[in-house]
Amino acid sequence: MEENIISDIIEIDERAKDKMADADKKRIQIIASAKTERDEIISDKLKKTHEKLAAIEKSESEKAEGKNAEIEQNKKTEIDRIDSIFAEKGNGWVDEIVKAIVNG
């Protein structure tokens, strides 16, 4: 009977060790799975962040190009206006300057 009890205790102890080993394997698998999932989430968030930054950069670049084009057009318009005024009145100004120098 004592042998039976000792055998039962040894058997229970071995089953407990097996259960502990299984639990430890599951714990390691869960941790590995959680780390993989965490890495995937981080990677996905980084990808979305980079995409959003690229979209913002593109939008801002387009706005800047539009503003530069507007500035260039305004500059050209102003130069054309000044050229037109000079073409119309330039000879008179030159005459006035020459008269002022000669009479000066």
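**Close-ups along a helix**

Searching the whole structure turns up ten salt bridges. Keep in mind that this is a predicted model. The views below visit some of these pairs, plus two other spots.

**View 1. Helix 1 from end to end.** Helix 1 covers residues 2-103. Does its length make sense? What span should you expect from its 102 residues? At 1.5 Å a residue, the answer is 152 Å, and the C-alpha atoms at the two ends sit 141 Å apart, which agrees. Now look for lysine 89: helix 1 bends there by about 60°.

**View 2. Glutamate 11 meets arginine 15.** These two side chains join in a salt bridge, with 3.5 Å from N to O. Here's the idea behind it: side chains of opposite charge can pair when their charged atoms come close. Glutamate 11 and arginine 15 are about one helical turn from each other because they are four residues apart in helix 1. Glutamate 11 counts as partly exposed because its relative accessibility is 44%. Arginine 15, at 46%, is partly exposed too.

**View 3. Aspartate 13 pairs with lysine 17.** Here's another salt bridge, and the closest N and O atoms of aspartate 13 and lysine 17 are 3.5 Å apart. Both residues belong to helix 1, and the four-residue step between them is about one turn of the helix. That spacing is handy to remember: an α-helix has 3.6 residues a turn, so residues three or four places apart point the same way. Is lysine 17 buried or exposed? Lysine 17 is exposed, since its relative accessible area is 55% and the cut-off for exposed is over 50%. Aspartate 13 has 39% relative accessibility, so it counts as partly exposed.

**View 4. Glutamate 78 and arginine 81 link up.** In this salt bridge the N to O distance is 2.4 Å. The partners are three residues apart in helix 1, so about one helical turn separates them. Arginine 81 is partly exposed, with 43% relative accessibility. Glutamate 78, with 35%, also counts as partly exposed.

**View 5. A nonpolar patch on the surface.** Which residues make up this patch? They are Phe86, Trp93, Ile97 and Ile101, and together they have about 450 Å² of accessible area. Take phenylalanine 86 as your starting point: it lies in helix 1. Its relative accessibility is 48%, so phenylalanine 86 counts as partly exposed.

Key:
Residues are numbered from 1 along each chain as its sequence is written. This is a predicted model: local features need pLDDT of at least 70, side-chain atom pairs count only at pLDDT 80 or more; totals for chains, interfaces and linings use all residues. Side-chain values use heavy atoms; hydrogens and water are left out. Patches are made of residues with over 30% relative accessible area and no salt bridge: like charges are joined within 9 Å, nonpolar side chains (Val, Leu, Ile, Met, Phe, Trp, Tyr) within 5 Å. Accessible areas come from the Shrake-Rupley method with a 1.4 Å probe; for residues, only the protein chains shown count as cover. A salt bridge is a side-chain nitrogen of Lys or Arg within 4 Å of a carboxyl oxygen of Asp or Glu. Buried means under 20% relative accessible area, exposed over 50%, partly exposed in between (1.4 Å probe, protein chains only). The expected span of a helix is 1.5 Å times one less than its number of residues. The bend at a residue is the angle between axes fitted to the seven residues ending there and the seven starting there.
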